[in-house]
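I sat down with this one today and kept notes as I went. Here is what I looked up, entry by entry.

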Amino acid sequence: MHKRGLWRLIVTFTVPGLVLYTVFVLSSFAQGVQISFTDWTGFTPDLTYIGLDNYLRLLGDGSWWRSVWHNVALLVVIPVFTLGLALLFASLITRGGAGNLRATPGGDLYRILFFFPQVVPVVIIGILFSYVYASRGGLLQGLLSMVGLDLLTVVPNGPLGNPRFILLAIAVAAVWSSVGFYMVLFLSAMGRVPDELFEAAALDGAGRLRSFLHVTLPLIWSHVQTAFIYLAIGTIDSFALVAVMSQTGTAADFGADVMSTYLYSTAFSLNSQFGYAAAMGTVMMLGSVALALVTFRLTKREEYEY
């Protein structure tokens, strides 16, 4: 194809997408940053610029820092357990290891079963786990009853009514809903690893664990890295699950407030402080970008070709 014709093709397919992205995404970000420097309530036509007052206010807002701490806790638990379980299940289903180079029988069925929660809306997952944790008729209560225990005795007020357990309960729901997607992602990456490498490892006496650590994991590391960043950014949000599973009150009433729920309550409940909420959103956006950059930097490894 002629060079000029190639550029026309590239422009034809890229410019419309860039225009839409600029209008609906970048302009929204810019507008949000602009509002963060004002005291706008969201319902008045007037904007009064107050400089960095909203950001300085954040520094002394104890509720904001509590929500940040809750996000940090979820950021440690959810990605670690989700990706850990996804790698475990993917390595068990696929091949690898001396005497076990073939994939596990019924692997396609396992893919479907594990991936199924991914197609369920997050709101439905929140409602589902609310019933699982219910003190009367819930699945968890039923399991404890089989061993002669009562849920309210083990966890006073239930997992979703106890500030010490609600974040853990939400994290369990988040892990359950996400692990299947990343398992399928890792299975796809593992399927590209040549059989010859596993055979060579088997000849050296490597079992499944050593084959995974020294053959599979280095070759799919870029997928693990990308999955962690994607999951971590999603964990910073965590709005839907927290909003649904914090029962009928606000998330703060149950000790489960995160940055996104505190932002929402600030914008729509606390005298409609849109300017202050926009400052929170800007900080969350910058935090997500910083997290991605730091993660890429800290997890950078030598690229392997296969």
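**Burial and overall make-up**

I began with burial in this predicted model: of the 306 residues of the protein, 37% count as buried. Next I looked at secondary structure, which comes to 14 helices and zero strands. Read along the sequence, I get the pattern α-α-α-α-α-α-α-α-α-α-α-α-α-α. I also looked up contacts with a separation of 6 or more, and residues 24 or more positions apart account for 69% of them.

**Confidence**

I checked how sure the predictor is. The mean pLDDT of the protein is 84, and 89% of its residues reach 70 or more. Among the elements, I found the highest mean pLDDT (94) in helix α2, residues 53-59. The lowest mean (78) belongs to helix α4, residues 107-115. I then noted a stretch with pLDDT below 50 at residues 96-100, which has 13 contacts in the model beyond near neighbours in sequence. Residues 248-252 also have pLDDT below 50, with eight contacts counted beyond near neighbours. I am keeping both stretches in mind as I read on.

**Salt bridges**

How many salt bridges does a search of the whole structure find? I got one. The partners are Arg66 and Asp257, whose side chains meet at 3.1 Å, N to O. Arg66 sits in helix α3 (residues 62-93) and Asp257 in the loop between α12 (239-245) and α13 (259-268), so the pair ties together parts that are 191 residues apart in sequence. I reminded myself that side chains of opposite charge can pair when their charged atoms come close.

Then I asked about each partner: is Asp257 buried or exposed? Asp257 counts as buried, because its relative accessibility is 3%. Arg66, at 35% relative accessibility, counts as partly exposed.

**The largest pocket**

I went looking for open space next. About 520 Å³ of it lies in the largest pocket. I counted 23 lining residues there, and Val122, Ser177, Ser178, Leu231 and Gly234 lie nearest the centre. Which elements give two or more residues to this lining? My list reads α3, α5 (122-132), α8 (166-190), α11 (221-237) and α12. Helix α8 gives the most, with six residues. I note that α3 is also the helix that holds Arg66 of the salt bridge.

**Thr41**

I picked Thr41, in the loop between α1 (3-35) and α2. Thr41 counts as partly exposed because its relative accessibility is 29%. Leaving out residues up to four places away in sequence, I see Thr41 touching Ser272 and Phe274. The C-alpha atoms of Thr41 and Phe268 are separated by 9.3 Å, though the two residues are 227 apart along the chain. Closer to home in the sequence, I found the Thr41 side chain reaching the backbone nitrogen of Phe43 at 3.5 Å.

**Thr22**

Another threonine caught my eye: Thr22, in helix α1. What does the side chain of Thr22 reach? I found the backbone oxygen of Leu18, at 2.7 Å. Thr22 is at 40% relative accessibility and so counts as partly exposed.

**Val193 and Thr216**

I moved on to Val193, in the loop between α8 and α9 (195-203). Val193 is buried, with a relative accessible area of 2%. I looked at its spacing to Thr216: the C-alpha atoms of Val193 and Thr216 are separated by 7.2 Å, with their positions 23 residues apart along the chain. Thr216 is in helix α10 (residues 208-219) and counts as buried at 4% relative accessibility. Setting aside residues up to four places away in sequence, I noted that Thr216 touches Met190, Phe198 and Ser211.

**Positive phi**

Last, I looked up backbone angles. Asn157 has phi near 70°, a positive value in a residue other than glycine. I placed Asn157 in the loop between α7 (151-154) and α8. Asn157 is exposed, with a relative accessible area of 60%.

Ser238, also not a glycine, has a positive phi near 55°. I found Ser238 in the loop between α11 and α12. Is Ser238 buried or exposed? At 15% relative accessibility, I put Ser238 down as buried.

Note on methods: Residues are numbered from 1 along each chain as its sequence is written. This is a predicted model: local features need pLDDT of at least 70, side-chain atom pairs count only at pLDDT 80 or more; totals for chains, interfaces and linings use all residues. Side-chain values use heavy atoms; hydrogens and water are left out. A salt bridge is a side-chain nitrogen of Lys or Arg within 4 Å of a carboxyl oxygen of Asp or Glu. Helices (H or I, at least four residues) and strands (E, at least two) are DSSP runs, numbered from the N terminus. Buried means under 20% relative accessible area, exposed over 50%, partly exposed in between (1.4 Å probe, protein chains only). pLDDT is the predictor's confidence in each residue, from 0 to 100. Contact means heavy atoms within 4.5 Å. A polar contact is a pair of N or O atoms within 3.5 Å; within protein, one must be able to donate a hydrogen and the other to accept it, and residues adjacent in sequence count only if both atoms are side-chain atoms. On a 1 Å grid over the protein atoms alone, a cavity is a set of points where a 1.4 Å probe fits but cannot get out, and a pocket is an open set with protein on both sides within 12 Å along at least five of seven lines; lining residues have an atom within 4 Å of a point. Grid points are joined across faces, edges and corners, and a volume is the space filled by probe spheres set on the points.
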